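Visitor: I'm happier with a pipette than with a structure viewer. Could you walk me through how to read this one?

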Amino acid sequence: MSPKPRLLPLLALLVCCFAISSQSLGKDAGPVYAGLTAHEWGTFTSIAATDGQAVEWSPLTGSTDLPMFVEHFRDPGFKLGLRGTVRMETPVLYFYASREETVSVQVAFANGVITEWYPHASRVEPAGNLYGENLHKAGASGRIAWDSVTLAPNGRGNFPTGDRNNHYFAARMTSSTPVRVKTAAGDQQEKFLFYRGVSTFSVPLSATLGTAGKLRIQNQGDQEIPTTILFERRGEKVGYSIGSAINKEAILDPPALVSSIDELGRDLEGILVGQGLYQDEARAMVETWRNSWFEEGSRLLFIVPPAFVNQVLPLSINPLPAQTVRVFVGRLELVTPATEKAVETAFVTQDAATLKAYGRFLEPILATMIKREANPARAERLQSYLNIVYSRLLEQNLGRN
């Protein structure tokens with residue numbers, strides 16, 4: 001286990017030298033609390049179009065996967081019309097404090113909106129109605145702020161409960177300092193600050209499929225992509241390959257389906273620890289997303305460059321922690337020939353289990369297949385499948401309201 005905050009008073013000067021910080025000590029910087037560490041992890045989820053760029057989709061469809069106590073922008077049913085290129089999933093912000101302290105936290109989200117959060121926030125902007133077209137037109141940032149968060153090292157940890165199988169609760173499996181936020185209805189407590197959102201920013205890489213299943217990855221930015229993992233699952237068969245850092249581009253071969261989920265989980269934990277997370281944080285992140293990252297289909301997982309995270313998701317904490325680490329995993333879904341065949345066959349045979357496995361990605365998968373298709377008759381058939389998906393999404397949304 002990495003050193004915990006009880007050592008920080010002795011290491012404060014050293015920490016300032018090697019911390020992966022999301023904030024700079026400029027002339028307007030506030031006070032620094034040497035006994036405070038902040039660690040954050042999260043996921044940016046997208047789907048690659050035919051040209052390798054992230055396609056626009058409706059990422060907030062289907063039933064909610066969050067406990068009832070989590071707060072929502074407007075209501076859970078508003079989200080069907082909110083379209084974007086990126087679903088920001090479950091960033092959790094941990095604190096490690098050597099004494100009780102009150103901090104303020106603000107997060108901005110470039111070309112996006114914060115859609116869910118807990119505990120109760122002081123402000124969530126924009127406050128009015130918001131739909132997909134506004135994310136493109138506004139060109140502005142959504143933001144969320146907690147003006148007064150009490151860090152309570154000796155707190156009793158009276159956290160809200162729900163279905164124990166909900167993946168939200170896996171994020172609590174750390175030694176982080178409990179947080180407390182006062183509301184009109186009473187105190188809300190948690191092991192972290194939690195939020196999610198949708199945005200239209202461009203992801204830092206593109207991925208295009210070539211001959212023999214090879215994947216061409218191009219770095220779209222100036223920062224190095226530290227690590228990539230090409231993953232595929234077909235039924236119980238699993239394969240993955242870990243790629244080295246990418247400065248410009250790389251070609252990845254399709255993985256042989258001879259690995260296991262547990263093996264990948266261990267490797268991914270090691271990668272996350274290498275990026276600065278504590279071991280228990282890395283394990284909590286993998287456990288939170290195990291059933292999603294490792295589900296049916298093909299996808300590229302990658303470590304998002306920290307500078308890119310700070311650009312699209314600037315974080316402000318006051319007083320300033322001595323160390324701030326932010327580790328985000330990018331997830332880019334790939335519409336491979338195997339995925340196309342699986343989805344089309346599932347519609348023909350009315351295979352509900354397979355269609356459920358692809359779930360929220362059915363809309364962008366079918367849209368990508370239609371765009372690629374040169375046969376008018378097959379394109380029309382695929383469009384009929386897409387119409388079925390749209391109808392079901394509309395029924396779900398009306399059912400919520």
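Guide: Let's go through the overall make-up, the sheets, the cores and a helix pair in turn. Keep in mind that this is a predicted model.

Visitor: Then let's start broad. How many helices and strands does the protein have?

Guide: There are nine helices and 18 strands. Of the 401 residues, 55% count as buried. Look at the contacts too: among those between residues at least 6 apart in sequence, 79% join residues at least 24 apart.

Visitor: Now the sheets. In which order do the strands of the nine-strand sheet come?

Guide: With a sheet, you read off the strand order and then look at the edges. Here the open sheet of nine strands runs S2-S5-S10-S3-S1-S18-S16-S13-S14, with mixed pairing. Strand S2 (71–72) and strand S14 (237–243) sit at the edges with a single partner strand each, so one side of each has no neighbour in the sheet.

Visitor: How does S14 pair with S13?

Guide: Strand S13 (residues 228–234) and S14 are antiparallel, with seven bridges between them. To line them up in your viewer, find Leu-230, which stands opposite Ser-241 in S14.

Visitor: And which strands make up the three-strand sheet?

Guide: That open sheet has the order S11-S12-S15, with antiparallel pairing. S11 and strand S15 (249–252) are its edge strands, each with a single partner strand, so each has one side without a neighbour in the sheet. On average, neighbouring strands of this sheet are turned by 20° against each other, ignoring direction.

Visitor: What links S11 and S12?

Guide: They form a hairpin, with five residues between the two strands. In that turn, Ala-212 has a positive phi of about 60°. Five bridges hold strand S11 (residues 205–209) and strand S12 (residues 215–219) in antiparallel register. Two pairs to click on are Ser-206 with Gln-218 and Ala-207 with Ile-217.

Visitor: I also spotted S4. Which strands does S4 pair with?

Guide: Strand S4 (residues 101–109) is joined by eight bridges to strand S7 (residues 142–151), running antiparallel. Glu-101 of that pair has Leu-151 in S7 as its bridge partner. S4 is also antiparallel to strand S17 (residues 315–318), through four bridges, and there Gln-106 stands opposite Ser-316.

Visitor: On to the interior. Why look for groups of nonpolar residues?

Guide: Because in soluble globular proteins, nonpolar side chains tend to be buried together. In this model the largest nonpolar core has 55 residues, and Phe-44, Phe-95, Val-105, Trp-117, Trp-146, Leu-300 and Leu-313 touch the most other members. Strand S3 (residues 86–97) gives the largest share of this core, five residues. Apart from it there is another core, of 36 residues, among them Trp-41, Tyr-94, Tyr-168 and Leu-272.

Visitor: Which residues does Leu-300 touch?

Guide: Leaving out residues up to four places away in sequence, the contacts of Leu-300 include Leu-205, Ala-207, Leu-215, Ile-217, Leu-230 and Leu-252. Gly-330 and Arg-331 are among them as well.

Visitor: Last one: how do I describe two packed helices?

Guide: You give the angle between their axes and the distance between the axes. For helix H6 (residues 337–349) and helix H8 (residues 362–372), the angle is about 105° and the axes are 11 Å apart. That makes H6 roughly perpendicular to H8. H6 contributes Thr-339, Glu-340, Val-343, Glu-344 and Phe-347 to the contact, while H8 contributes Leu-362, Ile-365, Leu-366, Met-369 and Arg-372. By class, that is six nonpolar, one polar and three charged residues.

Technical notes. Residues are numbered from 1 along each chain as its sequence is written. This is a predicted model: local features need pLDDT of at least 70, side-chain atom pairs count only at pLDDT 80 or more; totals for chains, interfaces and linings use all residues. Side-chain values use heavy atoms; hydrogens and water are left out. Two strands pair if DSSP finds at least two bridges between them. A nonpolar core is a set of buried Ala, Val, Leu, Ile, Met, Phe, Trp, Tyr and Cys residues joined through side-chain atoms within 4.5 Å. Buried means under 20% relative accessible area, exposed over 50%, partly exposed in between (1.4 Å probe, protein chains only). Contact means heavy atoms within 4.5 Å. Axes are lines fitted to C-alpha atoms, for helices over the stretch in contact, and angles run from 0 to 180 degrees between N-to-C directions. Angles under 35 degrees count as roughly parallel, over 145 as roughly antiparallel, 65 to 115 as roughly perpendicular and the rest as oblique. Ala, Val, Leu, Ile, Met, Phe, Trp, Tyr, Cys and Pro count as nonpolar, Asp, Glu, Lys and Arg as charged, and the others, Gly among them, as polar.
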